[in-house]
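Thanks for sharing this one. Below are a few notes to read alongside the structure, set out as numbered points.

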Amino acid sequence: MNNKTVSAKRAFELMEKLGYERVSCTEEEKRAAEELKQEAASFGLDCTIEEFEVEAGAVKKAVFKVVEPYEQEYEITGFIRSASTPENGVDLDFVYAENALEANLVGVEGKAILINGRFTLDAYERIQKAKPAAIITFSGTLIDELDKTDLDIRKIREIYTERHGENVLVNMRAFDALDIVKRGAKKVHIELVSEQQTGISRNVCGEIRGTEYPDEIVSFGAHFDSVYFSTGVYDNMSGSVIIMELARYFMANPPKRTLKFNWYGSEEQGLLGSKAYVKAHEEELKNHRLMINVDVAAPILGKELIFTMGTEQLKHYADTMMKELGRAAVVEDDTYSSDSIPFADNGVPAINFCRFGAPGTAFIHDRYDNLKYGYMSAEALDITLQNALEFSKRVINAPVFPIERKISDSMKEKVDKYLCKKKD
Ligand SMILES: [Zn+2]
């Protein structure tokens with residue numbers, strides 16, 4: 001393999017350098033965008049930073065107490081973009097509403113309801129129709145240790161509030177949720193001060209012009225933001241540094257087709273960076289033939305997965321190519337919750353390269369997504385890097401573009417479902 005221009009070791013070092021919390025719209029997300037731009041410039045790829053607006057906010061105060069039949073305060077976090085309570089808080093009757101089925105929601109108007117885990121858009125619709133005054137979710141497990149885990153900070157997405165209105169939304173730990181239900185909480189006090197504002201997030205975008213078919217575009221994508229408490233090295237600085245190496249390769253080996261390299265911000269908030277990109281580049285998108293996304297790589301104990309989003313032809317093509325190369329990867333024709341979705345939604349086939357840690361050996365979306373736990377390596381990162389490189393080289397430099405620009409009806413349906421599109 002002609003892969004001397006790429007180096008998993010260098011990629012891993014860049015991942016270490018950028019291994020700090022990079023939450024949507026924060027200074028750190030901005031700093032990471034600038035550092036990615038600088039890295040690309042170091043080998044001659046000029047990138048622009050494309051800003052976009054994000055409905056965001058901050059919770060300034062969040063208090064939760066059971067006041068009847070016993071008194072106790074519990075740790076909570078308020079959802080970003082939640083409604084606020086009145087200034088001194090509210091005392092509300094408390095109901096455990098399980099999974100928020102209709103029967104769970106009879107008579108909850110004006111009360112605080114606790115529901116299991118997360119809620120779907122459908123569940124939120126049912127809940128809002130029942131008009132509770134506050135919604136409590138929980139996260140984590142009963143065996144969490146306080147000093148070893150963080151209470152999730154959640155956000156209520158725009159699609160929820162636009163369709164079904166706002167509410168007071170808080171999150172608590174699973175063992176506290178068990179405690180209050182077990183002890184028969186009847187009345188609770190909630191104080192929540194939530195400020196809503198528009199934040200600025202950004203994508204880092206570069207282009208390498210094709211030498212033979214400049215009007216045919218293949219884009220590479222990887223998100224570089226993280227969630228709270230997470231340094232997001234596994235999810236997804238690993239993918240970001242992999243496409244950086246691919247950019248380096250194609251700078252040194254000019255491609256026949258035009259390439260776009262996009263590092264997306266705010267993926268963790270609902271694929272906002274890639275959604276902003278497809279919107280801002282609507283005209284250009286007609287020339288996009290394929291999107292190649294890398295999201296999670298590098299766990300030492302892991303397996304390679306490839307998710308194709310196009311037609312069965314793309315799946316078989318990728319599967320056959322990996323077999324021909326003797327490279328182990330499970331190839332599936334399925335949606336993957338990442339920046340490839342907005343492309344497929346706009347008719348651009350996509351392929352996702354990823355490496356999942358074996359169960360219990362790699363962590364995302366919490367403080368354990370951190371290099372200090374030692375479950376990632378440059379050698380493991382190199383496997384995904386080489387898979388993506390080998391696939392990309394062949395596709396991008398093929399005399400005839402080998403992938404049809406088509407999304408199958410079944411894939412369209414899956415993407416629509418993922419994006420909660422209305423079925424009317
Ligand atoms: Zn991710």
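1. Let me start with Asp147, which sits in the loop between strand S6 (134-139) and helix H4 (158-164). Please keep in mind throughout that the model is predicted.

2. Is Asp147 buried or exposed? Its relative accessibility is 60%, so Asp147 counts as exposed, the cut-off being over 50%. Measured against the chain, Asp147 and Phe229 are 82 residues apart in sequence, while their C-alpha atoms are 13 Å apart in space.

3. Next, the zinc ion. Its protein donors are His223 through NE2, Asp235 through an OD atom, and Asp295 through two OD entries, at 2.0 to 2.6 Å from the ion. The donor residues follow the spacing H-x11-D-x59-D in sequence. Within this set, His223 and Asp295 link distant parts of the chain, 72 residues apart: His223 belongs to strand S9 (residues 213-223), and Asp295 to the loop between strand S11 (288-294) and strand S12 (302-309). Both of these residues are buried.

4. Why is the zinc arrangement irregular? The 4 donor atoms subtend angles of 52 to 143 degrees, and therefore the arrangement is irregular; a tetrahedral site would need all angles between 85 and 135 degrees.

5. Finally, you may like the second largest pocket, which holds about 200 Å³ of space. Its lining has 13 residues, with Gly140, Asp144, Thr149, Asp150 and Asp366 nearest the centre. By type, the lining comprises 6 charged, 5 polar and 2 nonpolar residues. Domain 1 (8-55 + 199-418) and domain 2 (70-185) each supply at least three residues to this lining.

Conventions. Residues numbered from 1 in each chain as written. Predicted model: local features only at pLDDT ≥ 70, side-chain atom pairs only at ≥ 80, totals over all residues. Heavy atoms only, no water. 1 Å grid on protein atoms, 1.4 Å probe; cavity = no way out; pocket = protein on both sides within 12 Å on 5 of 7 lines; lining within 4 Å. Points joined across faces, edges and corners; volume = space filled by probe spheres on them. Nonpolar A, V, L, I, M, F, W, Y, C, P; charged D, E, K, R; others polar. Domains from an automatic or database assignment. Donors = N, O, S within 2.8 Å, 3.2 Å for Na, K, Ca; no water. Tetrahedral: all angles 85-135°; square planar, octahedral: opposite > 155°, others 65-115°. Helix = DSSP H or I, 4+ residues; strand = E, 2+ residues; numbered from the N terminus. Buried < 20%, exposed > 50% of the residue type's maximum accessible area, 1.4 Å probe, protein only.
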